[in-house]
Structure formats: structure tokens, C-alpha cells
Amino acid sequence: MPEDPALTLALPKGRVMQEALRLLRAAGMRLELAGAERALRFDAGDATLIVMRNADVPTYVELGVADAGVVGKDVLAEAGSTLYEPVDLGIAACRLSLIRPRGATGAMARVASKYPRTAADYLRRKGSTAEVVKLAGNVELACLSGLADAVVDVVQTGETLKANDLEEVDVILESSARFVVNRAALKLKAEHLRPLIAALRDLTGD
Ligand code: PRP
């Protein structure tokens with residue numbers, strides 16, 4: 001029977017996964033998706049890949065179900081993660097920003113976000129007493145519908161803001177995807193993880 005791959009990697013589903021796979025392959029890993037596009041856990045050659053929502057990657061790596069993973073700095077900040085982040089992969093660049101309807105001024109009473117912790121920290125720093133409401137997605141709708149007078153959300157191209165007459169008032173965090181590693185795995189699987197980290201650093205110039 002063939003042996004299980006030495007490493008298990010947690011990847012966020014979607015476009016970031018494709019970019020992460022491109023980098024991991026360039027770093028020397030043999031990773032084949034062949035017919036497994038919708039599988040959530042599969043042997044891809046040099047690693048077992050487990051595929052999930054990006055917000056769950058820190059949990060899988062922290063608890064050691066995955067040895068390493070790829071996840072955005074925005075998600076790590078929101079999770080209050082203390083994971084080892086040896087490489088900034090430079091992909092999935094975006095920023096977390098405070099967003100308001102164009103021209104809006106005055107104090108904010110309620111701010112909606114998928115990132116309630118980051119939003120609350122930011123508001124506290126700014127001396128705002130606004131209440132933070134957690135939403136699951138399409139957060140900009142909160143501004144448009146009157147649910148909130150501002151949102152903290154991801155801006156990538158800025159197209160969503162433009163299309164909805166919203167304005168980026170302040171950048172809270174510049175984000176990009178990080179290669180994160182479980183600390184115990186770093187010791188136990190050093191012969192696999194150390195060269196991979198070194199190759200990713202070479203590739204990304206980090
Ligand atoms: C994200 C984010 C914004 C949009 C920003 O949403 O929440 O809505 O992308 O991108 P842009 O600046 O390029 O327009 P995503 O599609 O990830 O889904 P969600 O709103 O359901 O979280």
C-alpha cells in the first residue's frame with residue numbers, strides 16, 4: 001500500500017487555493033488535483049490537501065490537523081492567531097478598511113463587519129463608541145440598507161465600493177496570504193517543512 005504523504009496542508013477554497021498551489025509547486029512540491037477539484041480532503045502527491053473556508057484555516061493548523069496552511073493576514077488578525085507565519089506569500093493582496101456611504105460624516109452609531117474583533121479594536125483606538133454588528137457576507141449591504149452607518153470590510157479592486165457609491169475612509173490593515181505552520185509539526189517534520197519554507201521565501205523574496 002502506498003504511504004500517506006508526509007505533510008497535510010490546509011488551503012482556502014477558491015482562487016487563493018489555485019495561487020497557493022502554483023507557489024507550492026514552484027517551491028518544488030508535486031501536487032496533482034486530477035479529478036479532485038471538489039474533494040475536501042485528498043492525497044495530492046507530496047501532501048494531503050484539506051480544503052476549507054479561509055476563516056477555518058488557523059483552527060486546523062493551530063490544532064495540528066494540518067501541519068501548515070495558507071491564509072490571509074486579515075483572517076489571522078481577526079482570529080487573534082499566534083501561529084508561526086514564516087512566509088508572506090504576497091498573493092491575495094487586499095486591505096481591510098472602514099467604509100462609509102460617499103460623503104457621510106459625523107459620529108458612527110453602528111458598524112457592521114465580518115471582522116468584528118478587528119473592527120472593535122479599530123473603533124476603540126479611534127475613540128469611537130459605535131456598536132459592532134457581525135455579518136456573514138455582502139457586508140456593504142449594511143451601509144446601503146441603513147443597518148449600519150459604516151462597515152469594516154475587504155477592499156481588493158475597489159469595484160464593489162464604486163458600484164455601490166461607497167467610500168474607503170481609512171485603511172485598517174494591509175493583508176496578503178501567509179504560509180502558516182504548526183509549531184509542533186515544524187519540529188517533528190522539520191526535514192519537510194524547513195526546505196519548503198526556504199524555497200517559498202526564495203520565490204517570494206520574503
Ligand atoms: C469581498 C469583500 C467585498 C469585495 C471587495 O467579498 O467582502 O465585498 O470582496 O472586492 P473588490 O474591492 O474587488 O470589489 P467576497 O466576494 O469575498 O464575498 P463576501 O462579501 O460574501 O465576503
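A residue is taken as buried when its relative accessible area is under 20%. In this predicted model, Ser 175 has a relative accessibility of 6% and therefore counts as buried. Ser 175 belongs to strand E10, and its C-alpha lies 7.4 Å from that of Leu 96, although 79 residues separate the two in sequence.

A link between distant parts of the chain is also seen among the charged side chains. Side chains of opposite charge can pair when their charged atoms come close, and the structure holds 13 salt bridges. In one of them, Arg 178 meets Glu 85 with an N to O distance of 3.8 Å. This pair joins strand E11 (residues 177-181), home of Arg 178, to strand E5, home of Glu 85, across 93 residues of sequence. The two partners sit in unlike surroundings: Arg 178 is buried because its relative accessibility is 14%, while Glu 85, at 24%, is partly exposed. Both residues also take part in a wider network of salt bridges, together with Lys 73 and Asp 88.

Other salt bridges stay within a helix. In helix H4 (residues 116-125), Arg 124 and Asp 121 are 3 residues apart, about one turn of the helix, and their closest N and O atoms are 3.1 Å apart. Arg 124 is exposed at 58% relative accessible area, and Asp 121 is partly exposed at 31%. Helix H6 offers a similar arrangement, with Lys 162 and Glu 159 again 3 residues apart, about one turn of the helix. Here the closest N and O atoms of the salt bridge are separated by 3.5 Å. Lys 162 counts as exposed at 60% relative accessibility, whereas Glu 159 is partly exposed at 44%.

Glu 159 is also one of the residues around the ligand. Others in this group include Lys 114, Gly 137, Asn 138 and the residues Asp 153, Val 154, Val 155 and Gln 156. Three side chains place an N or O atom close to a ligand oxygen: that of Glu 140 at 2.8 Å, that of Thr 157 at 2.5 Å and that of Thr 160 at 2.4 Å. The protein covers 66% of the 500 Å² of accessible area that the ligand has on its own.

Turning to the cysteines, a disulfide is a covalent bond between the sulfur atoms of two cysteines. The count here comes to 0 disulfides. Cys 94 is in none, its nearest cysteine sulfur being that of Cys 143, 18 Å away. That distance is too far for a bond, because a disulfide requires sulfur atoms within 2.5 Å. Both cysteines are nevertheless buried, Cys 94 at 12% relative accessibility and Cys 143 at 8%.

Two loop residues deserve a look for their backbone geometry. Most residues other than glycine have a negative phi. Ala 92, however, has a positive phi of about 55 degrees, and so does Asp 165. Ala 92 lies in the loop between strands E5 (84-88) and E6 (94-101) and is buried, with 18% relative accessible area. Asp 165 occupies the loop between helix H6 (159-163) and strand E10 (166-175) and is partly exposed at 48%.

Finally, the surface carries a nonpolar patch of about 310 Å², made by Tyr 60, Leu 63 and Val 65. Leu 63 is found in the loop that connects helix H2 (57-62) with strand E4 (68-72), and it counts as exposed because its relative accessibility is 66%.

Conventions: Residues numbered from 1 in each chain as written. Predicted model: local features only at pLDDT ≥ 70, side-chain atom pairs only at ≥ 80, totals over all residues. Heavy atoms only, no water. Patch = residues over 30% accessible without salt bridge, like charges linked within 9 Å, V, L, I, M, F, W, Y side chains within 5 Å. Areas by Shrake-Rupley, 256 points an atom, 1.4 Å probe, with all protein chains shown as cover. Salt bridge = Lys/Arg side-chain N within 4 Å of Asp/Glu carboxyl O. Helix = DSSP H or I, 4+ residues; strand = E, 2+ residues; numbered from the N terminus. Buried < 20%, exposed > 50% of the residue type's maximum accessible area, 1.4 Å probe, protein only. Near = heavy atom within 4 Å. Polar contact = N/O pair within 3.5 Å; in protein donor to acceptor, adjacent residues only side chain to side chain.
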